[in-house]
Amino acid sequence: MNRLDFNEIAADEVSRHFGRRRAVSRVTFKAGRGTILGLLGPNGAGKSTLLAMLATLLRPSSGTIRYGQSDAAAGPSLRARIGVLGHDLFLYPELTARENLAFFAGLYGIADPAAQARDALDRAGLAARADDPVSSLSRGMRQRVALERALIHDPRLALLDEPFTGLDDASTGALVGRLHALRASGAIVILATHDLDLAEGLLDCAIFLRDGRAVETVARPDRLRTTYRAVIGR
Amino acid sequence: MLRAIWLIVRKDLTVEVRSREIAYTTLFFAVACVLVFAFSLVQEGRAAEGVGPGVLWMAIMFAGNLALGRTFERERQAETLRALLLAPAPRPAVYLGKLTGIVVLLAVTEAVLVPLVALLFQARLLAHPFWLAAVVATGTIGFAAVGTVFAAMLVRARSRDVLLPVLLYPITVPVIIAGVRATLALVQPDFNASLVQFWLALLVAFDVVFVTLALWTFEPVMTD
């Protein structure tokens with residue numbers, strides 16, 4: 001399968017309207033390889049809509065999103081380099097964790113989907129539950145399977161919407177470690193989260209969104225909670 | 001592309017074998033539909049001439065609508081349709097995978113419906129099994145080809161259960177008419193092969209047009 005590569009993602013004045021409602025309005029940012037960028041903001045700030053546009057699931061109403069020299073028109077070869085963890089887990093509850101991972105590994109053109117699924121289950125610490133239907137797993141376990149599904153094809157761009165949801169302390173620690181590893185491997189990670197304590201120390205850049213607008217962009221953010229209150233409460 | 005189609009079909013059938021939800025609901029609904037028509041239209045053990053093919057296609061149409069709705073409802077619940085669209089598989093492969101899965105599921109229902117209609121309406125449906133298989137298969141593909149696009153398109157619409165038949169039935173009327181006429185020609189005592197061939201050719205033409213249009217429109221329809 002053709003896999004397009006890129007060193008940078010750049011959104012330029014990106015807006016998205018649903019009828020008269022403006023979900024995202026003129027957002028501009030750039031993120032290069034080895035960067036973890038956080039989208040922070042209250043519910044309805046436009047984080048998920050922005051992630052959907054970056055994932056090529058939604059077309060911007062105006063503005064452009066560039067993946068290196070390409071845009072969403074690159075289609076399958078671009079999608080082969082994007083991994084998405086959504087609010088919903090994108091897993092089939094009737095299938096086992098192994099079957100889910102092998103199915104998506106196959107769709108992403110991985111030569112040995114079964115081996116890739118096995119490795120992913122080991123990373124998720126779910127080898128013992130590999131053959132249980134996803135519907136029988138706890139929320140946190142499902143979240144771990146979903147994360148492995150999103151990353152099973154070694155994406156250049158990982159888009160994670162609330163990745164810490166439902167995870168216990170150990171799993172959260174493992175996920176933070178995984179995100180650091182992704183950054184070290186040269187991936188571009190964009191995550192939307194409400195968990196400011198976890199985001200602190202993890203993000204290379206934070207974009208604060210309110211009512212669809214990027215109201216503040218902070219490089220190497222510290223004291224996130226204070227900044228968040230100051231920016232969002234304005 | 002073929003690999004992606006195969007993976008999606010296999011996944012859909014595995015999910016269905018585990019849950020049996022669509023098979024049971026469509027079968028129950030289709031059989032109930034045929035029984036109601038039989039109680040109404042079969043008098044003293046005899047049905048009016050030509051009723052059987054109409055009842056068969058009406059049951060296929062209703063069952064098809066139900067199967068289409070449930071198949072995509074399943075993809076909606078955990079937003080797995082989004083995951084399919086995010087994968088680097090060509091969008092036409094996603095469409096063809098879903099279409100094939102639905103056609104296979106409907107074929108299972110039809111395998112029960114055909115002998116049931118033949119029995120209850122004393123229709124000579126099984127007199128020419130290969131011709132009948134060709135007619136039912138082409139009719140089902142034509143119906144499901146349009147239905148798959150609409151069901152996928154409506155997956156996020158609040159009133160999808162109402163909108164699907166409203167959109168689907170008028171557009172697939174030509175397929176249903178051709179299916180009924182071809183099946184009617186099949187059950188006649190004086191079998192006219194050229195008449196069946198004519199309707200079958202029409203069904204194949206509908207299939208080609210509908211599948212081509214669906215492949216053409218699936219990507220833009222699913223992007224937003």
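E13(A) counts as exposed, since it has 12 C-beta neighbours inside 10 Å. Here a residue is exposed if 12 or fewer other C-beta atoms lie within 10 Å of its own, partly exposed in between, and buried if there are 20 or more, with C-beta atoms placed from the backbone. This is a predicted model, in which local features need pLDDT of at least 70 and side-chain atom pairs count only at pLDDT 80 or more, while totals for chains, interfaces and linings use all residues. Residues are numbered from 1 along each chain as its sequence is written, and chains are lettered from A and ligands numbered from 1 in the order in which they are written.

Now to the backbone. Most residues other than glycine have a negative phi. Two residues of chain A have positive values, as the table shows.

| Residue | Phi | Place in chain A |
|---|---|---|
| E13(A) | about 55 degrees | strand β1 (residues 8-18) |
| D154(A) | near 55 degrees | loop between α5 (139-151) and β6 (157-161) |

Helices (H or I, at least four residues) and strands (E, at least two) are DSSP runs, numbered from the N terminus. D154(A) is partly exposed, with 16 other C-beta atoms within 10 Å.

Next, the contact between the chains. It takes 26 residues from chain A and 21 from chain B, where two residues are in contact if their C-beta atoms, placed from the backbone, lie within 7 Å. On the side of chain B that touches chain A, the elements giving two or more residues are α1 (2-19) and α4 (80-86) of chain B. Of the two, α1(B) gives the most, with 8 residues.
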